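Work through the exercises below with the sequence and the coordinates open. Each task is followed by a solution in steps.

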Amino acid sequence: MEQVRNIVILTGAGVSAESGIGTFRDAGGLWENHRVEDVATPEAFARDPDLVFRFYDTRREQVLQVEPNAAHHALARLQREWPARTGGSVMLVTQNVDDLHDRALGAADGAEVIHMHGEHLSAWCTACDGRTRWTASLIDSPPCPSCGAPALRPDIVWFGEMPYRMDEIFAALEDADLFVSIGTSGAVYPAAGFVRTAADMGAHTLELNLEPSQGTDWFDEARHGPATQTVPVWVEEMLKGKG
């Protein structure tokens, strides 16, 4: 751990749960009382676009009503301070489609959040491929601000679609000295395989999760507890070691 410079962090629903954002699926396989197949696939959108629009309009409203928690703020602090102290990098990749990491980070120079599964507060135009920050409803098929076509859909990566920026993510995993998974189930691929990619390239691997994930045995080290407790402690340890 003394030689850590480049860090890749993957976050999942467990980071935002303490802000009031529901985790992805319950034990019965339902997503906010809907079958995943009915609201999170291209086929569902083609079959019943109004149901999908209503579902994501509600989720979008929920995101606007919550705030970043201590885990989001701690990770933002690490992103801001680590490069200056070490000359290394921190790539933050999230499976979450809320903007809580972004709000915690603010306008830090050179730092960003990679939303591999898309964002609630973004609309994608299937006509011109443009993306627009979006906080209103989509159910009435508003025109695309760029091309005018009534072709906007939630900018969410649905099942059967390719997550965003995978080439960048895998390149960072290959260069990582430390890979940290926070608040993830270890069940959704390709993200669930990141730990093995990083480990194969020689990175130390750490899990921070409420309880052991499905992939916990792949990690060199695991700490379990609420993200608002485990993440700030870990970040403080990392920065003190480089203070």
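**Exercise 1. Pairing of β6**

Task: Find which residue of β8 stands opposite E119, and describe how β6 pairs with its partner strands.

Solution. The model is a predicted one.
Step 1. Opposite E119 stands D155 of β8.
Step 2. The strands concerned are β6, residues 118-125, and β8, residues 152-156; they run antiparallel and are joined by five bridges.
Step 3. Strand β7, residues 131-133, also pairs with β6 in the antiparallel sense, here over three bridges. Within this pair, S122 has R133 of β7 as its bridge partner.
Step 4. The connection between β6 and β7 is a hairpin with five residues between the strands. D129, in the turn, has a positive phi of about 70 degrees.

**Exercise 2. The sheet around β6**

Task: Give the strand order of the open sheet that contains β6, name its edge strands, and state which helix packs on it.

Solution.
Step 1. Three strands make up the open sheet, in the order β7-β6-β8 and with antiparallel pairing.
Step 2. β7 and β8 each pair on one side only, which makes them the edge strands.
Step 3. On average, neighbouring strands of this sheet are turned by 40 degrees against each other, direction ignored.
Step 4. Helix α4, residues 49-64, packs on the sheet and touches β6 and β8. The direction of α4 makes about 135 degrees with that of β6.
Step 5. As for accessibility, seven of the eight residues of β6 are buried, so the strand is mostly covered; buried here means under 20% relative accessible area.

**Exercise 3. Strand β1 and the segment before it**

Task: Decide whether β1 is largely enclosed or open, list the partners of T11, and classify Q3 as buried or exposed.

Solution.
Step 1. Strand β1 covers residues 6-11, and because five of these six residues are buried, the strand is largely enclosed by the rest of the structure.
Step 2. β1 runs parallel to β4, residues 89-94, and six bridges join the two. T11 stands opposite T94 in β4.
Step 3. β1 also pairs with β9, residues 178-182, in the parallel sense over five bridges. In β9, T11 has I182 as its bridge partner.
Step 4. Q3 lies in the segment before β1. The cut-off for exposed is over 50% relative accessible area; Q3 has 69% relative accessibility and therefore counts as exposed.
Step 5. From Q3 to W234 the C-alpha to C-alpha distance is 17 Å, while the two residues are 231 apart in sequence.

**Exercise 4. The second largest pocket**

Task: Characterise the second largest pocket by volume, by the residues that line it and by their class.

Solution.
Step 1. The volume of the second largest pocket is about 290 Å³.
Step 2. Its lining consists of 20 residues, and those nearest the centre are S89, V90, M91, G110 and A111.
Step 3. At least two lining residues come from each of β1, α5 (70-86), β4 and α7 (166-175). β4 gives the largest share, four residues.
Step 4. Sorted by class, the lining of this pocket has 11 nonpolar, five polar and four charged residues.

Note on methods. Residues are numbered from 1 along each chain as its sequence is written. This is a predicted model: local features need pLDDT of at least 70, side-chain atom pairs count only at pLDDT 80 or more; totals for chains, interfaces and linings use all residues. Side-chain values use heavy atoms; hydrogens and water are left out. Buried means under 20% relative accessible area, exposed over 50%, partly exposed in between (1.4 Å probe, protein chains only). Two strands pair if DSSP finds at least two bridges between them. On a 1 Å grid over the protein atoms alone, a cavity is a set of points where a 1.4 Å probe fits but cannot get out, and a pocket is an open set with protein on both sides within 12 Å along at least five of seven lines; lining residues have an atom within 4 Å of a point. Grid points are joined across faces, edges and corners, and a volume is the space filled by probe spheres set on the points. Ala, Val, Leu, Ile, Met, Phe, Trp, Tyr, Cys and Pro count as nonpolar, Asp, Glu, Lys and Arg as charged, and the others, Gly among them, as polar. Axes are lines fitted to C-alpha atoms, for helices over the stretch in contact, and angles run from 0 to 180 degrees between N-to-C directions. Contact means heavy atoms within 4.5 Å.
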